[in-house]
Structures are given as C-alpha cells and as structure tokens.
Amino acid sequence: MSRIGKLPISIPAGVTVTPNGNTLVVKGPKGELSQEINPAITVNISDGQITFDINKDSEVDEKQKQAFHGLYRSLVNNMVVGVSEGYKKVLELVGVGYRVSNKGNIIEFALGYTHPIFLELPKEVKVETKSERNQNPLLILESCDKQLIGLICAKIRSFRKPEPYKGKGILFQGEVIRRKSGKSASAK
C-alpha cells in the first residue's frame, strides 16, 4: 500500500469537495478544479477529511492500484491547496537585452532572437512582469492549478534554457546554475 496514499487530506475552511460519479470537484476562494478518479480507488469524504482506499474488486493489477493510490491522493491534495492558497512561480530572465512585458494574458519576450516571442496564457493564470533598473526582469505567474502553471513554466523555459557557461537563460528565482569553465588553452 502507498505511504502517501494512506495520508488523509484535511479540507480547509471555505473549500468544498463534492464527488460527481468518478469525478471529484474542488471549489474554493481561488477557483474550481476537477479530477477524474480511476475506479480502482474509492474516495471517502467525512469529518472534514478526504481519504483514499484501494478498491479490491477492480480489474486493475495490484501494482497499478498502489500507484493510483498515491497518485490520486497527491493530485487531490494539490487541488485543495490550489483553490485555498494558490500557486505562484517567479521566473527570472538572465542575459543582456532579455526583456519581458505583458498586455493582459499575452506575454512578449525579447530573448536575443531576431524576432519577439509572443505567448498567450489561459485565463486561469494571472501574469505580472517587473523590470527594474540594474536587475533582471521578473515574470510572476499565479494560478490555482499546479499542473497548468508547471506546464507553462516549462514552455517558457524552453525558449532559452539556462546554460552552464555564461549562466544565461530563463530560470526560477533562487535557482543556482552549476557553472562550467570554458575551453582552456593547451600547452605543448
């Protein structure tokens, strides 16, 4: 049995969790999320807690049931935290001439290419940009969906991956890049 799957999830004040067939709907002050649950897992909601049990009657093999047990517990926990507190990611653009600006949910990047890069974000994601003198531009993303915000951050980082020689690229705030030394002259 999964150790993570055994842990109960406490439902904070202001959050409602309603099962709807095989789908679990979580509503809170930051938004509403839903997740489809495999029939191999049964969800119990009682006394302000959500618990997950393995359904012994399902036709899924035992190893897969245990994997689902921890997976769905983690997904629902991320949903509960997301609709109550939300998730925030801060990306930093490190490089000469790297800039970012936004108009609504459309982000414009200047990353050293011959053309600007435009990215339209879904309405569930709030975006803010900061550009201060003598500091790297910042891109702040907020959402209640952890999975969606992670996908968007991965897409943005793919425009300029952090590289180890000059330390340039798009990285998370506070992320440290292990630097490599460049070529060294050979002595004969």
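Here are some friendly notes on this predicted model, going from the whole chain down to single residues.

1. Overall make-up. The protein contains 3 helices and 13 strands. Its radius of gyration is 22 Å, well over the 16 Å that the globule rule gives for 188 residues, so the protein is more spread out than a compact globule. Along the principal axes, the C-alpha atoms fill a box of roughly 70 × 50 × 25 Å.

2. Burial and contacts. Of the 188 residues, 33% are buried. If you look at contacts between residues at least 6 apart in sequence, 50% of them join residues at least 24 apart.

3. Surface and charge. About 12,000 Å² of the protein is exposed, and carbon and sulfur atoms supply 48% of that area. You will find 28 positive and 19 negative side chains here, with the centres of the two sets 13 Å apart. That separation may be handy to have in mind when you look at the charges on the model.

4. Helix α2. This helix covers residues 62-84, which is 23 residues. From its first C-alpha to its last it reaches 34 Å, close to the 33 Å expected at 1.5 Å a residue. The buried residues of α2 are K65, F68, H69, G70, Y72, R73, V76, M79, V80, G82 and V83. When you scan that list, recall that an α-helix has 3.6 residues a turn, so residues three or four places apart point the same way. After α2 comes G86, with a positive phi near 90°.

5. N77, a residue of α2. Is N77 buried or partly exposed? N77 lies in helix α2, and its relative accessibility is 23%; since buried means under 20%, N77 counts as partly exposed. Its C-alpha atom is 9.2 Å from that of I50, although the two residues are 27 apart along the chain.

6. Two loop residues with positive phi. Which residues other than glycine have a positive phi? D47 is one of them, with phi near 55°, and N134 is another, with phi near 60°. D47 sits in the loop between β5 (41-46) and β6 (49-54), while N134 sits in the loop between β11 (126-130) and β12 (138-143). As for accessibility, D47 is at 79% and counts as exposed; N134 is at 78% and also counts as exposed.

7. N20 in strand β2. N20 belongs to strand β2, which runs over residues 16-20. Its relative accessible area is 55%, and because exposed means over 50%, N20 falls in the exposed class. How far apart are the C-alpha atoms of N20 and V96? They are separated by 52 Å, with the two positions 76 residues apart along the chain as the sequence separation.

8. P164 and its contacts. P164 is in the loop between α3 (146-159) and β13 (169-172). With a relative accessibility of 23%, P164 counts as partly exposed. Which residues does P164 touch, leaving aside its neighbours within four places in sequence? They are I177, R178, R179 and K180. G86, the glycine that follows α2, is 78 residues from P164 in sequence and 32 Å from it in space, C-alpha to C-alpha.

Methods. Residues numbered from 1 in each chain as written. Predicted model: local features only at pLDDT ≥ 70, side-chain atom pairs only at ≥ 80, totals over all residues. Heavy atoms only, no water. Helix = DSSP H or I, 4+ residues; strand = E, 2+ residues; numbered from the N terminus. Rg over C-alpha atoms; globule rule 2.2 N^0.38 Å. Buried < 20%, exposed > 50% of the residue type's maximum accessible area, 1.4 Å probe, protein only. Contact = heavy atoms within 4.5 Å. Areas by Shrake-Rupley, 256 points an atom, 1.4 Å probe, with all protein chains shown as cover. Lys, Arg positive; Asp, Glu negative; His and termini not counted. Charge placed at Lys NZ, Arg CZ, Asp CG, Glu CD. Expected span 1.5 Å × (residues − 1).
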